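Dear colleague,

Please find below the structure I promised to hand over, together with its sequence. My notes on helix packing and charged pairs follow it.

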Amino acid sequence: GRLAGQVAVVTGGAIRLGRAIALALAREGCHVGISYHRSAAAARATVRELRALGVDAQAFRADVSRPADARRLIRDTLRHFGRLDLLVNNAALFFRTPLDRTTPVHWDRLLAVNLKGPFLVSQAAARAMRRAGAGRIINIADVGGIRAWPSYIPYCVSKAGLLMLTKGLAVALAPGVSVNCVAPGAVLLPEGASPALRRRLRREVPMGREGDPEDVVAAVVFFATCPP
């Protein structure tokens, strides 16, 4: 594989899109550490799937919005694997927040996980990558960071912030560490999404279909493997 012997961390890598990204990196020969918060059983299952692809894999429990957890995630990764080449900031919360029912707790939690988390983990990873002289960071944003969804304002703000965080990190860490962002549209809708919502989203997408996780995975693998 193109990433043989390298080591990646995928936050939120136990389930959904994060799991698909972790598996794709493993198929390229990359050893993978995944972080999880509540999905312990899913994390164990994903680690088994990763190891079955012939790479080393490990799950680390972390709330990425907590500075100590973010630092420990990178420290434990380096202790287990001995190096860190790639960070994929995928962990995120998504829930509906109509304007008149959005509380400060909703705001703080969405911004903490979706924006502060990627900053904290990137900050810790960048120290290790700079010492090694190379590294890559890939952030998973969302078209919601560009388009306004009135019932999801804090979420959209968090993803818009992630777009600017990507730009800021890219300038701060160049040329040794590359920083990129993938901003998908409708991919892996929440469980229980109504048929009406799916139809509306399909109408809004020029290709007339929902996005496939493999579309996002392909972009992540491109950024992970393209020449520096």
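Arg 19 is partly exposed in this predicted model, since its relative accessible area is 30%. Its salt-bridge partner is Glu 49, and the closest N and O atoms of the two are 2.8 Å apart. This pair joins distant parts of the chain: Arg 19 belongs to helix H1, whereas Glu 49 belongs to helix H2 (residues 40–52), 30 residues apart. Glu 49 is likewise partly exposed, with a relative accessible area of 31%. Both values lie between the 20% limit for buried residues and the 50% limit for exposed ones, so neither label applies to Arg 19 or Glu 49.

The bridge between Arg 19 and Glu 49 should be read alongside the others. Over the whole structure, the search returns 7 salt bridges.

One of these is formed by Arg 79 and Asp 76, whose side chains meet at 3.4 Å, N to O. Here both partners sit in helix H3 (residues 67–81), separated by 3 residues, or about one turn of the helix. Their surroundings may be set side by side: Arg 79 counts as exposed at 61% relative accessibility, while Asp 76 is partly exposed at 21%.

Asp 69 also takes part in a salt bridge, with Arg 66, the closest N and O atoms lying 3.8 Å apart. Is Asp 69 buried or exposed? Its relative accessibility is 8%, and because buried means under 20%, Asp 69 counts as buried. A network of salt bridges links Asp 69 with Arg 66 and Arg 72.

I turn now to helix packing. Helix H1 (residues 16–27) packs against helix H7 (residues 213–225) at an angle of about 45°, and the two axes are 9 Å apart. That angle makes H1 oblique to H7, and the crossing is right-handed.

Which residues of H1 and H7 meet? On the H1 side they are Leu 17, Ala 20, Ile 21, Ala 24, Leu 25 and Arg 27. On the H7 side they are Pro 213, Glu 214, Val 216, Val 217, Val 220, Val 221 and Ala 224. Sorted by class, this contact comprises 11 nonpolar residues, 2 charged residues and no polar ones.

In short, H1 packs obliquely with H7, and through Arg 19 it is also joined by a salt bridge to Glu 49 in H2.

With kind regards

Technical notes: Residues numbered from 1 in each chain as written. Predicted model: local features only at pLDDT ≥ 70, side-chain atom pairs only at ≥ 80, totals over all residues. Heavy atoms only, no water. Axes fitted to C-alpha atoms, helices over the stretch in contact; angles between N-to-C directions. Helix = DSSP H or I, 4+ residues; strand = E, 2+ residues; numbered from the N terminus. Parallel < 35°, antiparallel > 145°, perpendicular 65-115°, else oblique. Left-handed = near helix turned anticlockwise from the far one by under 90°. Contact = heavy atoms within 4.5 Å. Nonpolar A, V, L, I, M, F, W, Y, C, P; charged D, E, K, R; others polar. Salt bridge = Lys/Arg side-chain N within 4 Å of Asp/Glu carboxyl O. Buried < 20%, exposed > 50% of the residue type's maximum accessible area, 1.4 Å probe, protein only.
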